[in-house]
Amino acid sequence: MRAAVVTQFRQPLELRDVPIPEPGWGEVLVRVKACGVCHTDLHTIHGDWPVKPSLPRIPGHEAVGEIVALGPGVTRHEVGDRVGVPWLHQACGRCDQCMSGWETLCDQQKRSGYDVDGGFADYVVAKDDFAARLPSGLSYQQAAPLMCAGLTVYKGLMMTDAKPGDWVVVSGVGGLGHLAVQYARAMGFQVIATDIDDPKLSLAAKLGANLTLNVRLTDPVSYLQRNIGGAHAALVTAVSPAAFGQAVGMMRPGGTVVLNGLPPGDFPLSIYDMVMRAITLRGSIVGTRFDLDRALDLAAQARIEATVHPARLEDVNEVLTKLEGSALPGRTVLEL
Ligand code: NAD
Ligand code: ZN
Ligand code: ZN
């Protein structure tokens, strides 16, 4: 099968012909039809994070496709089922985190396209228990970006504890953010979208953002403090450490900032401001299988749609280079 493989960090993916993987016990083999390209794939390829993937590795954690073979012990799925293969490839099901509804924090978890091979290939193996059933009306192209980007921002927005009518900042309107604008509107929030790129902000406005700010031209902290007394919450998807500190500054007293973006590095935090203004700061990583079902349901009900740019697997390195610089607004999805 065709696969795009990380063989060395910071190098282009190698397009290789590799054997089709065999599904083991409790696993299914999926013929990939589409796979979104997430900025996390770039972090994977660059080896950006403290715990790096072992190489060679096939990235991709927004794969969707059709089950073509079953390993022994499979009970949930059948050949022909349309499924998604999200970041959470597997969790142990027995630890405190798994048992308390936080399987995304399982110590024993395996992640698609990071610890095990992912969807930048013709076929991918998924766990019977963790492959997500796709709603029948949803196209592969539309489903792919929901597997990570949609799920992550749905969960991240839930974690803000914002209420209908609250002002919520979506910082960074790329692949994640353009879906976050739509989810946030569907949840009844008033949305402030911030980015450094005007085409991204135009898309955000088209998708329902109440206010857009180019943070290269307008200081969002003084602007929001002056005009609305600060926002109630923020979801930071920006790939820039500076955006995280800025989001804290954009809060009204008691506000909550949820961190989704994963640029390497850190940002300064004023202890005094955090305490005196009682700001909550929380990280949020993808979502559970339950969250994914909810995210898919809400997308269907509220007609949330990814802005998709189709591309070929052969062009994946070009797509990644663009994603690093100024990508097209929305999500690029590989068609396989
Ligand atoms: P993307 O490249 O499509 O979007 C990032 C956006 O941030 C771009 O529109 C860019 O212009 C904007 N940006 C850059 N600097 C900014 C600044 N200073 N202020 C505001 N906006 C700024 O990337 P993506 O696929 O949406 O992923 C975003 C980040 O989220 C990545 O770091 C990725 O690894 C991470 N991520 C986290 C999770 C999670 O579960 N926590 C899941 C998926 C992705
Ligand atoms: Zn992702
Ligand atoms: Zn566990």
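This briefing covers the zinc sites, the salt bridges and a nonpolar surface patch of the structure above. The model is predicted. One zinc ion (ligand 3) is held by C92, C95, C98 and C106, while another zinc ion (ligand 2) is coordinated by C38, H61 and C148. The count of salt bridges comes to 14, and several of those described below join parts of the chain that are distant in sequence, including E103 with R289.

**Zinc ion (ligand 3)**

- The SG atoms of C92, C95, C98 and C106 coordinate the zinc ion (ligand 3) at 2.3 to 2.4 Å, and along the chain these donors follow the spacing C-x2-C-x2-C-x7-C.
- The arrangement around the zinc ion (ligand 3) is tetrahedral because its four donor atoms subtend angles of 106 to 117 degrees.
- Of these donor residues, C98 and C106 are buried.

**Zinc ion (ligand 2)**

- The zinc ion (ligand 2) is coordinated by SG of C38, NE2 of H61 and SG of C148, at 1.9 to 2.3 Å, with the donor residues spaced C-x22-H-x86-C in sequence.
- H61 belongs to the loop between α1 (39-46) and β4 (63-70), whereas C148 belongs to helix α3 (residues 140-159), so the pair ties together parts that are 87 residues apart in sequence.
- Both H61 and C148 are buried.

**Salt bridges**

- D122 and R2 form a salt bridge in which the closest N and O atoms are 2.8 Å apart; D122 lies in the loop between β7 and β8 (123-127) and R2 in strand β1 (residues 2-5), so the pair ties together parts 120 residues apart in sequence.
- D122 counts as buried at 8% relative accessibility, whereas R2, at 30%, counts as partly exposed, and both residues belong to a salt-bridge network that also links R31 and E314.
- E27 forms a salt bridge with K127, again with the closest N and O atoms 2.8 Å apart; since E27 lies in strand β3 (residues 27-36) and K127 in strand β8, the pair ties together parts that are 100 residues apart in sequence.
- E27 and K127 are both buried.
- The side chains of E103 and R289 meet in a salt bridge at 2.7 Å, N to O, which links the loop between α2 and β7 to helix α9 (residues 289-301) across 186 residues.
- E103 is buried, with a relative accessible area of 10%, while R289 is partly exposed at 34%.

**Nonpolar surface patch**

- W102, L105, L262 and I285 make a nonpolar surface patch of about 310 Å².
- Within this patch, W102 is placed in the loop between α2 (96-99) and β7 (110-111) and counts as partly exposed at 32% relative accessibility.

Notes: Residues numbered from 1 in each chain as written. Chains lettered and ligands numbered in written order. Predicted model: local features only at pLDDT ≥ 70, side-chain atom pairs only at ≥ 80, totals over all residues. Heavy atoms only, no water. Donors = N, O, S within 2.8 Å, 3.2 Å for Na, K, Ca; no water. Tetrahedral: all angles 85-135°; square planar, octahedral: opposite > 155°, others 65-115°. Buried < 20%, exposed > 50% of the residue type's maximum accessible area, 1.4 Å probe, protein only. Helix = DSSP H or I, 4+ residues; strand = E, 2+ residues; numbered from the N terminus. Patch = residues over 30% accessible without salt bridge, like charges linked within 9 Å, V, L, I, M, F, W, Y side chains within 5 Å. Areas by Shrake-Rupley, 256 points an atom, 1.4 Å probe, with all protein chains shown as cover. Salt bridge = Lys/Arg side-chain N within 4 Å of Asp/Glu carboxyl O.
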